[in-house]
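Subject: A structure for you to explore

Hi there,

Here is the structure I promised to pass on to you. Have a look at it first, and then read my notes below.

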Amino acid sequence: MNLTIAAFWPPPPHETTAARYREIADAGIDLVITGNYLNDRVILRHALARAEEAGLGVLVASDPRVDVLMRDLDTDPAPLIGRVVEDYRPFQSFRGLSLMDEPHAGQFPRVAAGVAAVRAAGALAYANLLPSHATGPYDAYVGEFTRLVRPDVLSFDRYPFLAGGFDEDYLADLATVREHARRAGLPAWMYVQTLAYDRHREPSAAELAWQVNTALAHGYTGIQYFTYWTPDPARGEGFQPALIDGDGAPTERYGIVRDLNTRWLRPVAAELPEWTSVEHAGDALVGRYGERLRFVCNARFDQPVEVTLDGITEAFDPATGTYAPCGTAFTLAPGAARLVR
């Protein structure tokens with residue numbers, strides 16, 4: 001699997017340093033999605049240079065020229081998009097442009113024109129979708145976006161861990177976006193909730209793993225962390241510490257995500273061929289990869305589950321990169337997963 005692990009909301013301008021970008025890379029992340037006041041050409045080029053030194057890619061999501069073009073101007077986007085891409089193309093870290101976050105259906109034609117312009121300029125064209133609770137019929141919303149816009153990846157966000165419980169429609173959105181990506185032959189990307197904010201609680205280690213593993217069971221090839229750095233309190237929404245707190249100190253979840261990425265997600269993804277389907281088996285999700293591999297995920301983040309799969313003979317050990325004999329019955333901890341064949 002060609003896996004992308006991304007961090008949204010990187011260090012702010014005064015913390016855009018070589019050391020900070022090495023810290024991102026050390027967490028097993030390979031793509032930075034900009035924001036956090038990196039919103040002019042000068043600081044974005046500086047961030048691209050620091051990312052290049054650390055071996056990271058950058059998806060520019062905060063160039064104000066693109067924001068104005070996509071929201072306010074009734075003009076052909078191609079000339080300005082071309083100039084924006086040329087400003088960043090000299091950097092090996094530059095991957096592409098994010099054109100709009102969470103567009104509503106009426107904005108799809110404008111996003112489509114922007115995507116065409118970015119693609120013509122030779123860069124990745126990206127826009128991230130709303131969740132179903134903000135759109136009306138979700139199958140129609142995602143289908144229309146896919147048909148009209150044809151981005152290079154199909155991405156969405158929905159943050160399931162609520163202050164009062166769990167968002168029960170989360171897995172349905174995960175499945176809907178993945179199905180439309182499959183039909184269109186597009187990679188599917190999703191966002192992982194890392195922090196507490198307005199009406200959402202801080203996820204546990206098991207809940208972080210659950211978000212990643214349910215996505216992998218569904219064949220997602222892009223894992224995007226929301227957020228990496230803690231957003232400024234002045235932005236509102238009551239953001240609590242993320243992977244890096246507002247003073248720049250790594251939180252416990254930085255270490256959890258680093259280990260999740262480097263000791264589990266990367267080794268497992270390297271084993272996975274093309275995804276074909278996912279099915280429910282009791283309280284487990286079973287993703288099919290190729291003819292022999294099954295990615296088995298506990299569909300519960302709050303309790304262990306007993307799994308029995310006929311025909312299983314070996315399980316993958318990410319610590320050694322090898323397969324060892326196993327039985328057809330095994331226990332998965334809350335949010336955990338296992339790769340078997």
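**A buried asparagine**

Asn 36 counts as buried, because its relative accessibility is 3%. Please keep in mind as you read that this is a predicted model. You will find Asn 36 in the loop between strand 2 and helix 2 (41-54). What does Asn 36 touch, leaving aside residues up to four places away in sequence? Its contacts are Trp 9, Pro 10, Pro 11, Pro 12, Pro 13 and Trp 229. For a sense of distance, try Ala 125: this residue is 89 places from Asn 36 along the chain, and the two C-alpha atoms are separated by 21 Å.

**The barrel**

Now turn to the strands. Eight of them form a closed barrel in the order 1-2-3-4-5-6-9-10, with parallel pairing. On average, neighbouring strands of this sheet are turned by 25 degrees against each other, direction ignored. As general background, strands of a sheet pair through backbone hydrogen bonds, either parallel or antiparallel.

Strand 1 (residues 4-8) is a good place to begin. Which strands does it pair with? One is strand 10 (residues 222-226), which pairs with strand 1 in the parallel sense over five bridges. Here Ala 7 stands opposite Tyr 225. Another is strand 2 (residues 31-33), which runs parallel to strand 1 and is joined to it by three bridges. In that pair, Phe 8 stands opposite Ile 33.

Is strand 1 buried or exposed? Five of its five residues are buried, so strand 1 is largely enclosed by the rest of the structure. It helps to know that in a regular strand the side chains alternate between the two faces of the sheet. In strand 1 both faces are covered: Thr 4, Ala 6 and Phe 8 are buried on one side, and Ile 5 and Ala 7 are buried on the other.

Elsewhere in the barrel, strand 6 (residues 154-156) pairs with strand 9 (residues 188-193) in the parallel sense, over three bridges. Leu 154 stands opposite Ala 188 of strand 9. Helix 8 (residues 205-217) packs on the sheet, where it touches strand 9 and strand 10. The direction of helix 8 makes about 170 degrees with that of strand 9.

**Helix 3 and its two partners**

Last, some helices. Two packed helices are described by the angle between their axes and the distance between the axes.

Take helix 3 (residues 64-71) and helix 4 (residues 78-88): their axes come within 10 Å and cross at roughly 160 degrees. An angle over 145 degrees counts as roughly antiparallel, so helix 3 is roughly antiparallel to helix 4. The crossing is left-handed. Helix 3 contributes Arg 65, Val 66 and Leu 69 to the contact, while helix 4 contributes Leu 80, Ile 81, Val 84, Asp 87 and Tyr 88. Of these residues, six are nonpolar, two are charged and none is polar.

Helix 3 also meets helix 5 (residues 108-120), with axes that come within 9 Å and cross at roughly 135 degrees. These two helices are therefore oblique to each other. Which residues meet here? Leu 69, Met 70 and Arg 71 of helix 3 face Arg 110, Val 111 and Gly 114 of helix 5 in this contact. The residues of this contact divide into three nonpolar, one polar and two charged.

Enjoy exploring!

Best wishes

Conventions:
Residues are numbered from 1 along each chain as its sequence is written. This is a predicted model: local features need pLDDT of at least 70, side-chain atom pairs count only at pLDDT 80 or more; totals for chains, interfaces and linings use all residues. Side-chain values use heavy atoms; hydrogens and water are left out. Axes are lines fitted to C-alpha atoms, for helices over the stretch in contact, and angles run from 0 to 180 degrees between N-to-C directions. Helices (H or I, at least four residues) and strands (E, at least two) are DSSP runs, numbered from the N terminus. Angles under 35 degrees count as roughly parallel, over 145 as roughly antiparallel, 65 to 115 as roughly perpendicular and the rest as oblique. A crossing is left-handed if the near helix is turned anticlockwise from the far one by less than a right angle, and right-handed if clockwise. Contact means heavy atoms within 4.5 Å. Ala, Val, Leu, Ile, Met, Phe, Trp, Tyr, Cys and Pro count as nonpolar, Asp, Glu, Lys and Arg as charged, and the others, Gly among them, as polar. Buried means under 20% relative accessible area, exposed over 50%, partly exposed in between (1.4 Å probe, protein chains only). Two strands pair if DSSP finds at least two bridges between them.
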